[in-house]
Amino acid sequence: MSLFDLAPKESSSALFGRDAEAKELTRLVEARRWVVVLGPRMVGKTSLVKAVRNRLKRPGAYVNLWGVRSVQGLVEGLISGLNESASLRARLVRAARRVDGFTAGPSGLSLAAPRAPLRTAWDLLDLLGTEKRDCLVVLDEVQELSATSGALLRLLGNVFNTRPNIVFVFTGSLVGLSRTLLEPTMASPLYGRAPVAMSLGPFDRGTSAKFLAEGATEQRISIPPAAMEAALDGPLDGTPGWLTLYGNHVAVRRLSPDQALQETVREGKKVAAAELASFLANHDARLYWPALKAIATGASWASVRDYVSRGAGGRVNDGTVLRVLRALESSYLVRHAEGRYELVDPMVLAYVLEAGRAPATARGRGVLR
Ligand SMILES: Nc1ncnc2c1ncn2[C@@H]1O[C@H](COP(=O)(O)OP(=O)(O)O)[C@@H](O)[C@H]1O
Ligand SMILES: [Mg+2]
């Protein structure tokens, strides 16, 4: 697999510049610690967990939860994940004969009749737990299941108590369920045994430059130094996903480095708009959009409050400003560094600076909450 391949990397040899992170994640999983890999979109969360999973070769499943909002969706993902490996499939099929409601055929487990999804998810994990070895279940983008938090936490608590050989690795941004997992309240089944948080950040400039240079060599192309500088100075800024897309545009689509950069930024801003729209679908755009605008221009706390007040149509208090900033921080849109707030993702910054108004939300919501 080449560095400029757009799919998530699946092996440690394909993974660039993440040796320390891969080693740490491997170590934690081997020590049976559950982990939440946190970070913004395109930073390489899926690539990291897939590479580690493929290196460990544990029985288990990888489930991509993007767009999955129900336990039923999780069940479907688990079934297809568990059926993926032929040897595991054969063993599970044998074990499932003792459990009502599953049929087991040559293509693996399936559901015989409609069953309560939570119960089914539990049965599946319980079956997996009969494996003699340690198992690994990856739930990618776990924040998607936030609406089912209570049920899912009970399920996970049960697995933790009764199947110590099953280790979970989650990925997500620090919202909803990922936060509930990492900061369990006393009432949570995971209280006192929260997963370990692992944050994935952008590449530093040196690593980014090496990434582009190695990718170019692999493809037998060259990116002139000036073009390289331009790419590294712009909003690609250390994000592996954008560097990959840029490299792919040069090497595969044969765009000039200039065009490739423009095209990458154009696509990046589109992703940024979609991400903001999805955030604003659940947050009052009258407060949050002006806050984003203020932060994009490097505004001080006082002027963030002014912007937000204007949006709200009346003076807001510091508590409101703080709440707005905290919500933006937990969603990885904004970070607080050296006494000021800034937008995390340069693509989001580029979008917010240019856009006249908040991106339209999918279902025309966006205001109120
Ligand atoms: N460490 C890495 N080495 C090489 N390519 C990477 C790395 N991290 C991410 N990529 C590439 O960047 C893009 C986004 O990666 P992905 O793992 O899907 O990120 P995320 O899950 O955080 O959104 C993919 O094209 C992937 O191949
Ligand atoms: Mg991903």
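**Group meeting: cores, ligand shell and Lys269**

Okay, so the largest nonpolar core has 49 residues, and the ones touching the most other members are Leu74, Leu78, Leu82 and Val169. Helix 3, residues 71-82, supplies the largest share of this core, with six residues. Keep in mind that this is a predicted model.

Let's zoom in on Leu78. Skipping residues up to four places away in sequence, Leu78 touches Ala61, Val63, Ala121 and Leu124. There's also a second, separate core of 48 residues, and that one includes Ile223, Tyr307, Tyr332 and Tyr341. As a general background point, nonpolar side chains in soluble globular proteins tend to be buried together.

Now, the ligand. Ligand 1 has 21 residues around it, and the closest are Phe16, Gly44, Thr46, Ser47 and Gly241. Which elements give two or more residues to that shell? Those are helix 2, at 45-56, and helix 10, at 240-251. By type, the shell splits into nine nonpolar, seven polar and five charged residues. And where does the ligand sit relative to the domains? Domain 1 (19-199) and domain 2 (205-270) both contribute residues to the shell, so ligand 1 lies between them.

Last stop, Lys269. You'll find Lys269 in helix 11, which runs over residues 257-280. Is Lys269 buried, exposed or partly exposed? Lys269 has 19 other C-beta atoms within 10 Å, and buried takes 20 or more, so Lys269 counts as partly exposed. Beyond its neighbours within four places in sequence, Lys269 is in contact with Met347, Ala350 and Tyr351. Tyr288, on the other hand, is 19 residues from Lys269 in sequence and 18 Å away in space, C-alpha to C-alpha.

How values were computed:
Residues are numbered from 1 along each chain as its sequence is written. Chains are lettered from A and ligands numbered from 1 in the order in which they are written. This is a predicted model: local features need pLDDT of at least 70, side-chain atom pairs count only at pLDDT 80 or more; totals for chains, interfaces and linings use all residues. Helices (H or I, at least four residues) and strands (E, at least two) are DSSP runs, numbered from the N terminus. A residue is buried if 20 or more other C-beta atoms lie within 10 Å of its own, exposed if 12 or fewer, and partly exposed in between; C-beta atoms are placed from the backbone. Two residues are in contact if their C-beta atoms, placed from the backbone, lie within 7 Å. A residue is near a molecule or strand if its C-beta atom, placed from the backbone, lies within 6 Å of it. Ala, Val, Leu, Ile, Met, Phe, Trp, Tyr, Cys and Pro count as nonpolar, Asp, Glu, Lys and Arg as charged, and the others, Gly among them, as polar. Domain bounds come from an automatic or database domain assignment. A nonpolar core is a set of buried Ala, Val, Leu, Ile, Met, Phe, Trp, Tyr and Cys residues joined through C-beta atoms within 7 Å.
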